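Q: Could we go through this model together, beginning with the overall layout and then moving to single residues?

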Amino acid sequence: MARHHERLSFTRARPWAGLTPQERARFKRHVKAIYDSHRNRLPPEHYQRLHHAIASGAITVRKGKVDRIATNGVLFSAPAGLEVLPADLTIDCRFRPSGTDSPLVRSLIVAGLATRDELEIGIVVDESGRTKSAALHGLFAMGPLGLGSLPDIDLVPQIVSQSHAAASLLNSWIGEVAKVHDVVKVFDDV
């Protein structure tokens, strides 16, 4: 199943790469919200477990918005008003924007070490997450930061694959730098 899913994501990446900037912008305006709501599907056995948990009352589905997360629970804005949902432990799984306006990313763009993609939803990267800047070979923008270049890169299997590719590239790059600078690896016996 994982191999099929991985193969499927690469086939979707190829058509995306062939789109013009205007076609990508049109997709973002007209289709992205619909696509995002349908692309994340649970495997059938997880879907059944989820619906069983909802039917048994183990999980409650509520319409609303999380306003704030605190140490003792969640401040929840529901149609009836604000309420506190008590919790000993909270895991925040909300989607966050890629952060291209963060001071760090802005400084990388200003310095020419990264380029914002034409949709302004991320940074231009290759399949391993390496920024497409000739100035630096070892700068990577992982996961959602690469959404403008790689569709579905914000999904866990794709982030894991991207991380492995980045680690492999970094390893070979470090080896090349070591050869050029005649670096000798020394290992101490412990």
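The exchange below covers the overall make-up, the sheet and one residue in a loop.

Q: What kind of model is this, and which residues count for local features?
A: It is a predicted model, in which local features need pLDDT of at least 70, side-chain atom pairs count only at pLDDT 80 or more, and totals for chains, interfaces and linings use all residues. Residues are numbered from 1 along each chain as its sequence is written, and side-chain values use heavy atoms, with hydrogens and water left out.

Q: How many helices and strands are there?
A: The protein has six helices and three strands. These are DSSP runs numbered from the N terminus, helices being H or I with at least four residues and strands E with at least two.

Q: How much of the protein is buried?
A: Buried residues account for 24% of the 190 residues. Buried means under 20% relative accessible area, with a 1.4 Å probe and protein chains only.

Q: Turning to the sheet, what is the strand order?
A: The order is β1-β2-β3, in an open sheet with antiparallel pairing. Two strands pair if DSSP finds at least two bridges between them.

Q: Which strands stand at the edges?
A: β1 (65–70) and β3 (81–86) do; each has a single partner strand, so one side of each lacks a neighbour in the sheet.

Q: And how many bridges join β2 and β3?
A: Strand β2, residues 73–78, pairs with β3 over six bridges in the antiparallel sense. Within this pairing, Val74 stands opposite Leu85 of β3.

Q: Next, Thr131: where does it lie?
A: Thr131 is in the loop between α5 (103–110) and α6 (156–180).

Q: Is Thr131 buried or exposed?
A: Thr131 is buried, its relative accessible area being 5%.

Q: What does Thr131 contact?
A: Leaving aside neighbours within four places in sequence, Thr131 is in contact with Leu113, Ala114, Ile123, Val124, Val125, Leu139, Phe140 and Ala141. Contact means heavy atoms within 4.5 Å.

Q: Which backbone oxygen lies 3.3 Å from a polar atom of the Thr131 side chain?
A: That of Leu113.

Q: Which residues touch the most other members of the largest nonpolar core?
A: Ile123, Val125 and Ala141 do, among its 14 residues. A nonpolar core is a set of buried Ala, Val, Leu, Ile, Met, Phe, Trp, Tyr and Cys residues joined through side-chain atoms within 4.5 Å.

Q: What else does Ala141 touch?
A: Not counting residues up to four places away in sequence, Ala141 touches residues including Gly129, Thr131, Gly146 and Gln162.

Technical notes. Buried means under 20% relative accessible area, exposed over 50%, partly exposed in between (1.4 Å probe, protein chains only). A polar contact is a pair of N or O atoms within 3.5 Å; within protein, one must be able to donate a hydrogen and the other to accept it, and residues adjacent in sequence count only if both atoms are side-chain atoms.
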